[in-house]
Structures are given as structure tokens and as C-alpha cells.
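Trainee: I would like to learn how to read a structure like this one. Could you walk me through it?

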Amino acid sequence: MIHDASHSVFYLFIQYLYTGQFPSQQLNTSCMTPGDRMAAIIELLQLADEYMIDHLKEMCEAELDDCVDETNVEDMLQVADRNNAFQLRAVCMHFLRNLRP
């Protein structure tokens with residue numbers, strides 16, 4: 001049983017397992033706000049890390065790399081650390097180095 005996943009994100013996870021393709025079309029729907037999209041990708045990253053689906057994890061990190069900004073860099077760094085997302089962590093650290101004078 002999968003406990004820490006919403007139905008919609010679990011569906012995207014299963015869809016990836018069957019197709020091998022990142023569900024970008026479902027994540028870019030007009031009814032999904034940018035915040036909801038980022039939350040869904042973070043949840044998908046958590047599932048990918050938990051079940052060791054490295055390719056999906058890399059794709060989630062790549063999507064989240066573009067979302068890092070001064071308002072969320074600390075939170076994204078925590079997400080990266082919790083989920084062993086080394087590329088996302090590197091992006092956050094680079095952003096922090098360039099943000100501070």
C-alpha cells in the first residue's frame with residue numbers, strides 16, 4: 001500500500017512506470033496552478049526516490065530546477081536533501097551563492 005501519495009500523483013507515477021515518459025502533459029493542464037504543479041512534481045520526486053526510480057527522479061529534478069527562485073530556494077534545498085536529489089541541491093546551492101552579496 002502506498003501511503004504518502006495523493007491519488008493523482010500516484011496515477012502519474014504508475015503511468016511513468018508503464019510508459020517510461022514523464023507526464024508533462026498532465027502537469028501542464030490549465031486547471032493546475034504553478035504552485036500545484038510544483039507540489040505534484042515534488043510528490044512525484046518523493047515517490048521516485050522511495051522506490052528508486054532514478055530516471056523519473058532525474059526528470060523531476062530537471063523540472064524543479066527551473067522553479068528555484070529567491071522565494072523558495074530554502075524550501076527546495078530541504079526537498080533536495082530529504083529526497084537525495086543531488087542535482088536539485090547543486091542548483092539550490094549555486095542559486096544561494098549567487099543570491100548573497
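Mentor: Gladly; we will go through helix packing, burial and backbone angles in this predicted model.

Trainee: Let's start with packing. How are helix 3 and helix 4 placed against each other?

Mentor: Here is the general idea: two packed helices are described by the angle between their axes and the distance between the axes. In this model, the axes of helix 3 and helix 4 cross at roughly 155° and come within 9 Å. Angles over 145 degrees count as roughly antiparallel, so that is the word for helix 3 and helix 4. Their crossing is left-handed.

Trainee: Which residues make that contact?

Mentor: Helix 3 brings R37, M38, I41, I42, L44, L45, A48 and D49, while helix 4 brings L56, K57, C60, E61, E63 and L64. Sorted by type, the residues of this contact of helix 3 with helix 4 are nine nonpolar, five charged and no polar.

Trainee: What about helix 3 and helix 5: what angle and axis distance do they have?

Mentor: Helix 3 covers residues 34–50 and helix 5 covers residues 73–82; they pack at about 20°, with axes 10 Å apart. Angles under 35 degrees count as roughly parallel, so helix 3 and helix 5 are described that way. The crossing of helix 3 and helix 5 is right-handed.

Trainee: And which residues meet there?

Mentor: From helix 3 you can pick out M38, I42, L45 and D49, and from helix 5 M76, V79 and R82. This contact of helix 3 with helix 5 has five nonpolar, two charged and no polar residues.

Trainee: Can we look at one helix alone? What should the span of helix 4 be?

Mentor: Helix 4 has 12 residues, 54–65, and at 1.5 Å a residue it should span 16 Å. The C-alpha atoms at its ends are 16 Å apart, so the expectation and the model agree.

Trainee: Which residues of helix 4 are buried?

Mentor: A general point helps first: an α-helix has 3.6 residues a turn, so residues three or four places apart point the same way. In helix 4, the buried residues are L56, K57, M59, C60, E61, L64 and D65. Their cover includes helix 1 (7–19), helix 3, helix 5 and helix 6 (86–99).

Trainee: Now the loops. Is N83 buried or exposed?

Mentor: The cut-off for buried is under 20% relative accessible area. N83 has 5%, so N83 is buried, even though its place is in the loop between helix 5 and helix 6. Leaving aside residues up to four places away in sequence, N83 touches L45, Q46, D49 and K57.

Trainee: What can I learn from phi?

Mentor: Most residues other than glycine have a negative phi. Here M52, which is not a glycine, has a positive phi of about 55°. M52 lies in the loop between helix 3 and helix 4 and counts as exposed, at 66% relative accessibility. N84 also has a positive phi, near 55°. N84 sits in the loop between helix 5 and helix 6 and is partly exposed, with a relative accessible area of 37%.

Trainee: One last feature: how far apart are D69 and L99 in sequence and in space?

Mentor: D69 and L99 are 30 residues apart in sequence, and their C-alpha atoms are 9.5 Å apart in space. D69 belongs to the loop between helix 4 and helix 5, where its 27% relative accessibility makes it partly exposed.

Technical notes:
Residues numbered from 1 in each chain as written. Predicted model: local features only at pLDDT ≥ 70, side-chain atom pairs only at ≥ 80, totals over all residues. Heavy atoms only, no water. Axes fitted to C-alpha atoms, helices over the stretch in contact; angles between N-to-C directions. Helix = DSSP H or I, 4+ residues; strand = E, 2+ residues; numbered from the N terminus. Parallel < 35°, antiparallel > 145°, perpendicular 65-115°, else oblique. Left-handed = near helix turned anticlockwise from the far one by under 90°. Contact = heavy atoms within 4.5 Å. Nonpolar A, V, L, I, M, F, W, Y, C, P; charged D, E, K, R; others polar. Expected span 1.5 Å × (residues − 1). Buried < 20%, exposed > 50% of the residue type's maximum accessible area, 1.4 Å probe, protein only.
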